[in-house]
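Visitor: I am new to this structure, and I would like to be walked through it slowly. Could you show it to me before we begin?

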Amino acid sequence: MNQLQGFNYGGSPRPRFSFTTKDTDKGTRIQPIKAKAATTEASPFPLLQSPRAEDSPSELEPADPDFYKIGFVRSMRAYGIEFKEGPDGFGVYASKDVEPLRRARVIMEIPLELMLTISQKLPWMFFPDIVPVGHPIFDIINSTDPETGWDLRLACLLLYAFDREDNFWQLYSDFLPSADECPSLLLASEEELSELQDPNLASTMREQQRRALEFWEKNWHSGVPLKIKRLARDSERFIWALSMAQSRCIGMQIRIGALFQDSNMLIPYADMLNHSFQPNCFLHWRFKDRMLEVMINAGQRIKKGDEMTINYMSGQQNNMLMQRYGFSSSVNPWDVIQFSGNARIHLDSFLSVFNISGLPQEYYHNTDRLSSGGDTFVDGAVIAAARTLPTWSDGDVPPIPSMERRAIKELQEECRQMLAAFPTNSKEDQNILDSMPDATRTLEAVVKYRLHRKLFIEKVMQALDLYQERILF
């Protein structure tokens with residue numbers, strides 16, 4: 001069983017608490033987020049009103065009304081979107097139709113004061129600077145490896161923000177996933193890691209877990225001051241914070257005055273945006289106002305109820321997405337199969353059959369030319385197949401049909417051998433998923449990962465069949 005189950009450091013998914021607007025000890029006022037008029041023709045999103053339940057998709061619920069009232073100093077502003085909670089956590093959805101424009105359109109503005117930000121290189125700089133001079137948490141942050149310890153530093157900063165009085169993240173933490181709700185493999189048990197059917201990834205995650213545990217034991221021993229000990233009284237608390245830092249960190253260059261700084265950032269509200277390989281939004285730093293903008297792509301048509309997404313890591317395979325974020329996809333256009341044989345197929349012919357254009361690092365499906373059945377078949381997995389299949393190209397030399405057939409047969413046989421090496425097949429994995437509705441999030445992510453790997457190999461085999469049918473016969 002997962003030893004980390006039952007810990008709820010992120011808070012409940014549906015918190016019930018009230019906000020006060022006055023600190024009785026200090027007499028200061030905490031300003032709630034206020035809706036401001038949008039400068040575009042789109043009507044502003046009513047931040048102080050919860051979305052109507054009847055407009056929600058069947059599996060989604062509007063976010064708790066208190067979610068819209070968190071705000072310190074400057075407020076977050078949102079336009080034409082709703083935050084909704086579904087089976088997989090929070091997401092951001094369009095509350096109205098958006099016609100394509102020639103310029104990108106802003107849907108969120110998040111000021112620097114609400115973020116947790118630390119520079120990527122020495123000297124460590126914090127924006128805003130919430131760590132007081134002489135606090136021992138800085139010594140812990142300073143002890144990390146400057147090249148590889150970015151997640152440890154950000155986890156320490158996050159734990160300190162939870163403990164600091166009247167800090168924004170004390171309230172926002174109630175909307176972060178708890179240990180039971182987080183699919184990160186850092187929280188996986190040994191039994192769950194063994195179900196990955198990927199020895200290399202399992203070994204990597206064991207090393208990551210050992211690294212986190214050793215760091216906690218080194219800096220949270222019995223002799224540390226109480227102000228440090230209470231940040232993470234047990235290792236599970238620290239590992240949970242580390243999983244939050246890894247899965248929600250956004251690395252980007254920000255400009256503050258004349259200073260350009262490469263930073264690792266935890267950005268509230270924007271971290272609710274889910275991942276897509278074909279995102280409809282992107283992030284932009286507006287240096288004049290020191291805030292992050294979430295913007296809809298220029299020319300993008302949005303329908304009411306569409307989910308707003310960004311691309312977390314472009315060009316990464318499923319094992320990297322699983323290691324960092326705890327999810328995978330069967331249509332990842334960057335996934336790879338390692339072929340060991342000498343068989344090769346003709347690259348230009350394969351691309352032509354599936355109407356794939358662009359350079360290898362920028363392949364895309366050209367949907368302007370319609371072909372019978374091809375458009376519904378081509379997805380990210382076929383794009384990945386074009387990248388990962390062994391190919392040859394020699395100017396204007398055409399492929400020889402007999403050699404292409406032989407190469408296709410050898411590549412498909414190698415794919416069958418890969419599938420036979422797995423302890424389970426894709427149908428068995430799907431049945432396992434369907435038969436365990438109450439499984440932990442990590443176990444669910446693990447089974448999906450191995451299922452997606454097999455579906456990708458099967459898709460490559462289908463693509464080779466279709467290629468042979470269309471180009472050779």
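The questions and answers below go from the whole chain to its cores, sheets, pockets and one helix residue.

Visitor: What kind of model is this, and how are its residues numbered?

Guide: Side-chain values use heavy atoms, with hydrogens and water left out, and residues are numbered from 1 along each chain as its sequence is written. Local features need pLDDT of at least 70 and side-chain atom pairs count only at pLDDT 80 or more, while totals for chains, interfaces and linings use all residues, since this is a predicted model.

Visitor: How many helices and strands are there in the protein?

Guide: Helices (H or I, at least four residues) and strands (E, at least two) are DSSP runs, numbered from the N terminus. Counted in this way, the protein has 14 helices and 16 strands.

Visitor: What percentage of the residues of the protein count as buried?

Guide: Buried means under 20% relative accessible area, taken with a 1.4 Å probe and protein chains only. For the 473 residues of the protein, the share that counts as buried is 51%.

Visitor: Among contacts between residues at least 6 apart in sequence, what percentage join residues at least 24 apart?

Guide: A contact means heavy atoms within 4.5 Å. Among the contacts in the protein between residues at least 6 apart in sequence, the share joining residues at least 24 apart is 72%.

Visitor: Which helix gives the most residues to the largest nonpolar core?

Guide: A nonpolar core is a set of buried Ala, Val, Leu, Ile, Met, Phe, Trp, Tyr and Cys residues joined through side-chain atoms within 4.5 Å. The largest one holds 89 residues, and M108, W169, W220, F238 and M308 touch the most other members. Ten of its residues come from the helix that gives the most, which spans residues 150-163 and is α2.

Visitor: How many residues are in the second, separate core?

Guide: In soluble globular proteins, nonpolar side chains tend to be buried together. Here the second core, separate from the largest, includes M418, I457, M461 and L466, and its size is 34 residues.

Visitor: Why is strand β3 described as largely enclosed by the rest of the structure?

Guide: In a regular strand the side chains alternate between the two faces of the sheet. Both faces of β3 are covered, with I81, F83 and E85 buried on one side and E82, K84 and G86 buried on the other. Strand β3 (residues 81-86) is therefore largely enclosed, for the number of its six residues that are buried is six.

Visitor: Which strands stand at the edges of the open sheet that contains β3?

Guide: Strands pair if DSSP finds at least two bridges between them, and three strands form this open sheet in the order β1-β3-β4 with antiparallel pairing. Two bridges join β1 (residues 61-62) to β3, while six bridges join β3 to β4 (residues 89-94). One side of each edge strand is left without a neighbour in the sheet, because each has a single partner strand, and these edge strands are β1 and β4.

Visitor: In β4, which residue is the bridge partner of E85?

Guide: A hairpin joins β3 to β4 through two residues, and K84 has G91 as its bridge partner in β4. On the β1 side, E61 stands opposite E85. In β4, the bridge partner of E85 is F90.

Visitor: Which residue in β5 stands opposite R77?

Guide: An open sheet of four strands, with antiparallel pairing, has the order β2-β5-β11-β10. Within it, β2 and β5 (residues 105-111) pair over two bridges. The residue of β5 that stands opposite R77 is E109.

Visitor: Which residues lie nearest the centre of the second largest pocket?

Guide: On a 1 Å grid over the protein atoms alone, a pocket is an open set of points with protein on both sides within 12 Å along at least five of seven lines, and lining residues have an atom within 4 Å of a point. Helices α5, α8, α12 and α14 each supply at least two residues of the lining of this pocket. Of its 22 lining residues, those nearest the centre are Q197, D198, F422, Y449 and R453.

Visitor: How far apart in space are A384 and P333, C-alpha to C-alpha?

Guide: A384 is found in helix α11 (residues 380-388) and, at 0% relative accessibility, counts as buried. Leaving aside neighbours within four places in sequence, A384 is in contact with N332, P333, W334, D335 and F456. A384 and P333 are 51 residues apart in sequence, and their C-alpha to C-alpha separation in space is 4.4 Å.

Technical notes:
Buried < 20%, exposed > 50% of the residue type's maximum accessible area, 1.4 Å probe, protein only. 1 Å grid on protein atoms, 1.4 Å probe; cavity = no way out; pocket = protein on both sides within 12 Å on 5 of 7 lines; lining within 4 Å.
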